Amino acid sequence: MFYHIRKTTIFTRPNQHKAKFNLMEHPLSLFKHCPECGSVHFEIHNEKSKRCADCGFVYYFNSSAATVALIMNERNELLVCRRAKAPAKGTLDLPGGFIDMFETGEEGITREVKEETGMEVEKAEYLFSLPNIYVYSGFTVHTLDLFFRCTVSDTLHYKAMDDAADVFFLPLKDICTEDFGLSSIRKGLKIFLGKADEY
Ligand SMILES: [Zn+2]
């Protein structure tokens with residue numbers, strides 16, 4: 001089922017980075033039954049929720065918070081990963097992932113960097129955020145990606161683990177944003193590279 005969402009403009013910063021969604025599938029279109037009573041009358045309530053016509057249960061779909069790490073070494077190089085899993089398997093990426101329940105953004109990015117690279121984050125400084133959409137297991141996942149400038153205790157020792165097939169430092173001048181498979185990462189890198197001289 002397709003559902004018209006009113007023309008919406010999302011501003012992540014004033015007058016910048018506009019993303020327009022004119023026509024898209026309802027985010028809960030895959031959810032056919034009421035999770036409370038099992039009724040098939042689980043109907044669209046508004047652009048981001050469904051309501052059960054039988055028992056009144058309402059479920060709202062909201063963006064999931066995710067984190068992205070920007071880690072530089074002493075040679076003005078940025079740590080990048082190669083994705084081991086779908087979506088965008090095989091393309092370049094930055095360390096990061098979904099924030100767990102009850103976790104702060106700083107705790108989430110510290111955990112993800114450890115899981116994917118083995119590195120210890122000493123300081124995580126929030127920079128900016130970007131909305132992202134990708135398809136996982138046939139389901140369109142909406143996220144809000146929080147970008148952190150991370151300082152690690154040791155930039156010499158790391159290894160690819162978990163969701164990363166490879167991890168390596170890349171000189172800033174050699175970074176080609178088109179090599180990164182996820183759109184919010186490409187946009188975030190452009191913002192970061194434009195500001196990288198300030199750090
Ligand atoms: Zn119900």
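Aspartate 162 sits in the loop between β11 and β12. This is a predicted model. Its largest nonpolar core holds 30 residues. One open sheet has 3 strands, paired antiparallel. The points below take the loops, the sheet, the core and a helix in turn.

**Loops and backbone angles**
- Most residues other than glycine have a negative phi, and most peptide bonds are trans.
- Aspartate 162 is not a glycine, yet its phi is positive, at about 60 degrees.
- Aspartate 162 counts as partly exposed because 16 C-beta neighbours lie inside 10 Å.
- Serine 137 belongs to the loop between β10 and β11.
- Serine 137 also has a positive phi, near 55 degrees.
- Is serine 137 buried or exposed? Serine 137 counts as exposed, because it has 8 C-beta neighbours inside 10 Å.
- The loop between β7 and β8 contains proline 87.
- A cis peptide bond links alanine 86 to proline 87, with omega near -5 degrees.

**The open sheet**
- Strands of a sheet pair through backbone hydrogen bonds, either parallel or antiparallel.
- The strand order here is β8-β7-β12, and the pairing is antiparallel.
- β8 (92-93) and β12 (164-171) are the edge strands, each paired on one side only.
- Strand β7 covers residues 77-83 and is joined to β8 by 2 bridges.
- Arginine 82 has leucine 92, in β8, as its bridge partner.

**The largest nonpolar core**
- Which residues touch the most other members of this core? They are Ala69, Leu70, Phe148 and Cys150.
- Strands that give two or more residues to the core are β6 (64-71), β7, β10 (121-136), β11 (139-152) and β12.
- Helices α1 (105-117) and α2 (183-195) also give two or more residues each.
- Leaving aside neighbours within four places in sequence, phenylalanine 148 contacts Thr67, Val68, Ala69 and Leu70, among others.
- The contacts of phenylalanine 148 also include Ile109, Ala124, Glu125, Tyr126 and Leu127.

**Helix α2**
- An α-helix has 3.6 residues a turn, so residues three or four places apart point the same way.
- The buried residues in α2 are Ser184, Ile185, Lys187, Gly188, Leu189 and Phe192.
- What do the buried residues of α2 pack against? They pack against β6, β8, β10 and β11.
- α2 has 13 residues, so at 1.5 Å a residue it should span 18 Å.
- The end C-alpha atoms of α2 are 19 Å apart, which agrees with that expected span.

How values were computed:
Residues numbered from 1 in each chain as written. Predicted model: local features only at pLDDT ≥ 70, side-chain atom pairs only at ≥ 80, totals over all residues. Pairing = 2+ DSSP bridges. Helix = DSSP H or I, 4+ residues; strand = E, 2+ residues; numbered from the N terminus. Core = buried A, V, L, I, M, F, W, Y, C linked by C-beta atoms within 7 Å. Buried ≥ 20, exposed ≤ 12 C-beta atoms within 10 Å, placed from the backbone. Contact = placed C-beta atoms within 7 Å. Expected span 1.5 Å × (residues − 1).
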